[in-house]
Amino acid sequence: MVLYALNQNMDIKTQLNESVKSAMKSGDEVRKRTVRMVLAAVKQVEVDKRTTLDDMAVVALVQKEVKNRREAIEEAKKANRPDLIAENEAEIKVLEVFLP
């Protein structure tokens with residue numbers, strides 16, 4: 001997985017969009033899929049609340065996504081599914097790039 005330096009002058013939604021673009025160009029399916037899920041969650045909240053989310057709200061959503069994946073890892077451990085554990089750990093690494 002390729003990690004890259006994020007431009008701190010961009011808002012987080014812009015960083016997420018740029019990350020999807022670079023993932024598509026590089027063929028990084030995990031990053032593309034994970035960031036798209038976060039963008040979909042952001043869009044869903046914006047539509048539900050009829051407002052635009054600021055950076056703090058987007059960070060909160062990213063943290064929620066990380067928490068969901070940690071819970072999924074615990075469930076996968078109980079079910080003895082190392083494939084799901086590895087997949088969720090990779091997604092957490094992608095999401096942590098966007099956390100402060």
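What follows is a friendly conversation about how the helices of this predicted model pack and where some of its residues sit.

User: Let's begin with helices α1 and α2. Why is α1 called roughly antiparallel to α2?

Analyst: Helix α1 (12–26) packs against α2 at an angle of about 150°, and their axes are 9 Å apart. Angles over 145 degrees count as roughly antiparallel, so α1 is roughly antiparallel to α2. The crossing of these two helices is left-handed.

User: Which residues make that contact?

Analyst: From α1 come Lys13, Leu16, Asn17, Ser19, Val20, Ser22, Ala23, Met24 and Ser26. They meet Arg31, Lys32, Val35, Arg36, Val38, Leu39, Val42 and Glu46 of α2. Sorted by class, this contact has eight nonpolar, four polar and five charged residues.

User: What makes α2 oblique to α3?

Analyst: Helix α2 covers residues 29–49 and helix α3 covers residues 55–78. They pack at an angle of about 125°, with axes 10 Å apart. Roughly perpendicular runs from 65 to 115 degrees, and roughly antiparallel needs an angle over 145. The angle here fits neither class, so α2 counts as oblique to α3. The crossing of α2 and α3 is right-handed.

User: Which residues of α2 and α3 meet there?

Analyst: On the α2 side you will find Thr34, Met37, Val38, Ala41, Val42 and Val45. On the α3 side are Val58, Leu61, Val62, Glu65 and Arg69. By class, that gives eight nonpolar, one polar and two charged residues.

User: And how do you know that α3 and α4 are roughly antiparallel?

Analyst: Again, the angle decides. The axes of α3 and helix α4 (residues 82–96) cross at roughly 165° and come within 9 Å. The cut-off for roughly antiparallel is an angle over 145 degrees, so α3 and α4 belong in that class. Their crossing is left-handed.

User: Which residues of α3 and α4 make the contact?

Analyst: Helix α3 contributes Val62, Glu65, Val66, Arg69, Arg70, Ala72, Ile73, Ala76 and Lys77. Helix α4 contributes Leu84, Ile85, Asn88, Glu89, Glu91, Ile92, Leu95 and Glu96. The classes come to nine nonpolar, one polar and seven charged residues.

User: Now for single residues. Why does Asp28 count as buried?

Analyst: Asp28 sits in the loop between α1 and α2. Its relative accessibility is 14%. Buried means under 20%, so Asp28 counts as buried. A polar atom of the Asp28 side chain lies 3.3 Å from the backbone nitrogen of Arg31.

User: What makes Glu46 buried too?

Analyst: Glu46 belongs to helix α2 and has 13% relative accessibility. That value is under the 20% cut-off, so Glu46 counts as buried. Leaving aside neighbours within four places in sequence, Glu46 is in contact with Lys13, Thr51, Thr52 and Leu53.

User: Why is Lys21 called partly exposed?

Analyst: Lys21 is in helix α1, with a relative accessibility of 46%. Buried residues are under 20% and exposed ones over 50%, so a value in between makes Lys21 partly exposed. Lys21 is 11 residues from Lys32 in sequence, and their C-alpha atoms are 8.0 Å apart in space.

User: How do you know that Lys93 counts as exposed?

Analyst: Lys93, in helix α4, has 52% relative accessibility. Exposed means over 50%, so Lys93 counts as exposed. Lys93 and Val66 are 27 residues apart in sequence, with 9.0 Å from C-alpha to C-alpha.

User: Where does Arg50 lie, and why is Arg50 called exposed?

Analyst: Arg50 lies in the loop between α2 and α3. Its relative accessibility of 77% is over the 50% cut-off, so Arg50 counts as exposed. Arg50 also has a positive phi, near 55°, in a residue other than glycine.

User: What makes Asn80 exposed?

Analyst: Asn80 is placed in the loop between α3 and α4. At 64% relative accessibility, Asn80 is over the 50% cut-off, so Asn80 counts as exposed. Asn80 has a positive phi of about 55° although it is not a glycine.

Notes: Residues are numbered from 1 along each chain as its sequence is written. This is a predicted model: local features need pLDDT of at least 70, side-chain atom pairs count only at pLDDT 80 or more; totals for chains, interfaces and linings use all residues. Side-chain values use heavy atoms; hydrogens and water are left out. Axes are lines fitted to C-alpha atoms, for helices over the stretch in contact, and angles run from 0 to 180 degrees between N-to-C directions. Helices (H or I, at least four residues) and strands (E, at least two) are DSSP runs, numbered from the N terminus. Angles under 35 degrees count as roughly parallel, over 145 as roughly antiparallel, 65 to 115 as roughly perpendicular and the rest as oblique. A crossing is left-handed if the near helix is turned anticlockwise from the far one by less than a right angle, and right-handed if clockwise. Contact means heavy atoms within 4.5 Å. Ala, Val, Leu, Ile, Met, Phe, Trp, Tyr, Cys and Pro count as nonpolar, Asp, Glu, Lys and Arg as charged, and the others, Gly among them, as polar. Buried means under 20% relative accessible area, exposed over 50%, partly exposed in between (1.4 Å probe, protein chains only). A polar contact is a pair of N or O atoms within 3.5 Å; within protein, one must be able to donate a hydrogen and the other to accept it, and residues adjacent in sequence count only if both atoms are side-chain atoms.
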